[in-house]
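Please open the model in your viewer and keep the selection tool at hand. We will go from one selection to the next and look at what is there.

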Amino acid sequence: MQLSVVGKPNVGKTLLLINFAAYLGLRDLQLEVEEDGIRRTQRLSLERARRDLVSLYAPKTTHLQRMTLELPLGRQHPVIRAVDTPGIPEGISPDAERRHQTAIALEQVMASDLVLHVVDAGAAGTRRPEAAGAFDVALASWGKARSGYCLIANKMDKPGSQDGLRLIKERFRGTALIPVSAVTRRGFRDLKGWAQRILL
Amino acid sequence: MSDIVSPELNPSSVEEVFQWIHVGRLAPDRAIELLSGFQTAPALQTSATRRERQDQERESPDAVLADLDRLVGLDDIKRVVRDIRAFVEVQQLREDAGLRRNQQSFHMVFSGAPGTGKTTVARLMGRLFKSLDVLSKGHLVEVERADLVGEYIGHTAQKAREVIKRATGGVLFVDEAYSLARGGEKDFGKEAIDTLVAAMENLREDLLVILAGYPEEMAWFMGTNPGLLSRFAIRLDFPDYDAEALVQIARRMVQERDYRLAPDAEAGLLRLLSENQGYWHKNAGNARMVRNLLEHAIRRQAVRLSARRTPLTRHDLMQLAWSDFEGGLS
């Protein structure tokens, strides 16, 4: 089983994944990083992962990060390979490495059983680069036809996120939507419930 | 964002979409739309109708050759392509009759100036070999030195293998291939060539490699590596178009865009092109230069028309006058 987390840069994909793993009771994760064609595996405690992999201000994930998580969902413990993708910017990036990462990220998304599409509820309706755009609309309409796709409105702890959530609901009508805050762990129960329904 | 992408994008496979993101032809949102075309279409059909559809979608070699014939000039190349088709078909008949199959690789070298149709013909080759059942997908993956050569030891093989993986089932088109041998003995380009050659041997059945570049440089490149010379049996020369062929190309291009060349424009174009013949070919790029000229003229025509006070007829909207072309080359 493969789960992938996808979205614009700096919407909180990595922290969502790490904190969700913590919520499910995991202590550490196997991190597999592919950088310039070389694959490294390391075992990281969730504490350490949070410190090393997440930045509050700038997008930090620039390469595809594969994490193996044993998610205790339901009676069985299906081992899920979680793929954390680098943020996908709107439009054609002038940076070749960025485009390369985008191609790989989309390739992974297409191959995943579960796709968590993260948007930033705090930035919705603003002109910030995290705000949902044409890419998010295209991805959502791709996901509508699939069962393992879910739109996550992240950063529900931010001021103004309620209005943002309303905008997102309007814009992505008809898509499965779970409001979540990766920081306060609000909405993780819904997320777990959704994943269980899909996996069982 | 998607409006800057030209509408003619029509990928033949998922790999091609990823390749296009990679080279910067596609924005992510457009890419998803194209990808979902590949994903949802088969899911909604039963297997029986899917098989039927595949049969319908499969082109006949004749259709591909008809497209090839529509290209201006390139007579020698058209002949060679026909030879290849005949060879493949006869080999298949021989196999059906229980005779031994004559192993031959179809890797090619295309030499010619930019804009002489190398990429276009490469794309057609992919389609032809797919229609003949030699390649499973027939898509075209266009790469250059930077896509194949890495920055440190071990990086090159990795990079080259990734490119080859993308191209498997289709055509790997290496543009400016001679630059792989340019850096001398210590350059990683050599490693890229070795990886490529190894892949050509291993994937003999399902990969077509086309090396392309300027004629002189390609001749030098093939000379530096005798192993290459023997592995690329088919060598096609793309001659520069002469002025008349270029005007013919221009005529066809305007037709496709729903425009028409005024008689004075056609005469002026012919004059301009024949006066400069042999002078720009190296740098400006043949057919590509014509396209740039036309695009310039189309913009100029719009300016000319919008400045006019009288009502515009359909004829006015289509006609490109010589005055629209003037100054387009500079």
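Here is a short tour, stop by stop.

**Confidence colours.** This is a predicted model, with scores of ipTM 0.79 and pTM 0.52. Colour chain B by pLDDT: the mean is 81, and 87% of its residues reach 70 or more. Where in chain B is confidence lowest, and where is it highest? The low end is helix H3 (residues 47-57) of chain B, at a mean of 47, and the high end is strand E3 (residues 171-174) of chain B, at 92.

Now select residues 41-53 of chain B, where pLDDT stays under 50 and the model has two contacts beyond four places in sequence. Residues 1-7 of chain B also stay under 50, but for them the model has twelve such contacts. Where pLDDT is low, the predicted coordinates should not be read in detail.

**Where the chains meet.** Show both chains together: 19 residues from chain B and 19 residues from chain A make up the contact. On the chain B side, select helix H1 (14-23), helix H2 (28-43) and helix H8 (155-167), the elements that each give two or more residues. H2(B) gives the most, with nine residues. Coloured by class, this side of chain B shows eight nonpolar, eight polar and three charged residues.

**A helix in chain A.** Select residues 96-110 of chain A, which form helix H3 of that chain. Its 15 residues reach 21 Å from the first C-alpha to the last, close to the 21 Å expected at 1.5 Å a residue. Buried residues in H3(A) include A:Arg99, A:Gln101, A:Ile104 and A:Leu106.

**The sheet of chain B.** Which order do the strands take? Five strands form an open sheet, E2-E3-E4-E1-E5, with parallel pairing. Strand E2 (140-143) and strand E5 (234-238) of chain B stand at the edges with a single partner strand each, so one side of each is left without a neighbour in the sheet. From one strand to the next, the twist averages 20°.

Zoom in on strand E1 (residues 108-112) and strand E4 (residues 208-213) of chain B, which are joined by four bridges. Here B:Met108 stands opposite B:Ile210 in E4(B). Then add helix H10 (residues 215-224) of chain B, which lies across E1, E4 and E5 of chain B and runs at about 145° to E1(B).

**Last stop.** Select B:Glu295 in helix H15 (residues 286-306) of chain B. B:Glu295 is partly exposed, with 13 other C-beta atoms within 10 Å. Add B:Phe325: the two are 30 residues apart in sequence, yet 9.4 Å apart in space, C-alpha to C-alpha.

Key: Residues numbered from 1 in each chain as written. Chains lettered and ligands numbered in written order. Predicted model: local features only at pLDDT ≥ 70, side-chain atom pairs only at ≥ 80, totals over all residues. Contact = placed C-beta atoms within 7 Å. Nonpolar A, V, L, I, M, F, W, Y, C, P; charged D, E, K, R; others polar. pLDDT = per-residue confidence, 0-100. Expected span 1.5 Å × (residues − 1). Buried ≥ 20, exposed ≤ 12 C-beta atoms within 10 Å, placed from the backbone. Pairing = 2+ DSSP bridges. Axes fitted to C-alpha atoms, helices over the stretch in contact; angles between N-to-C directions.
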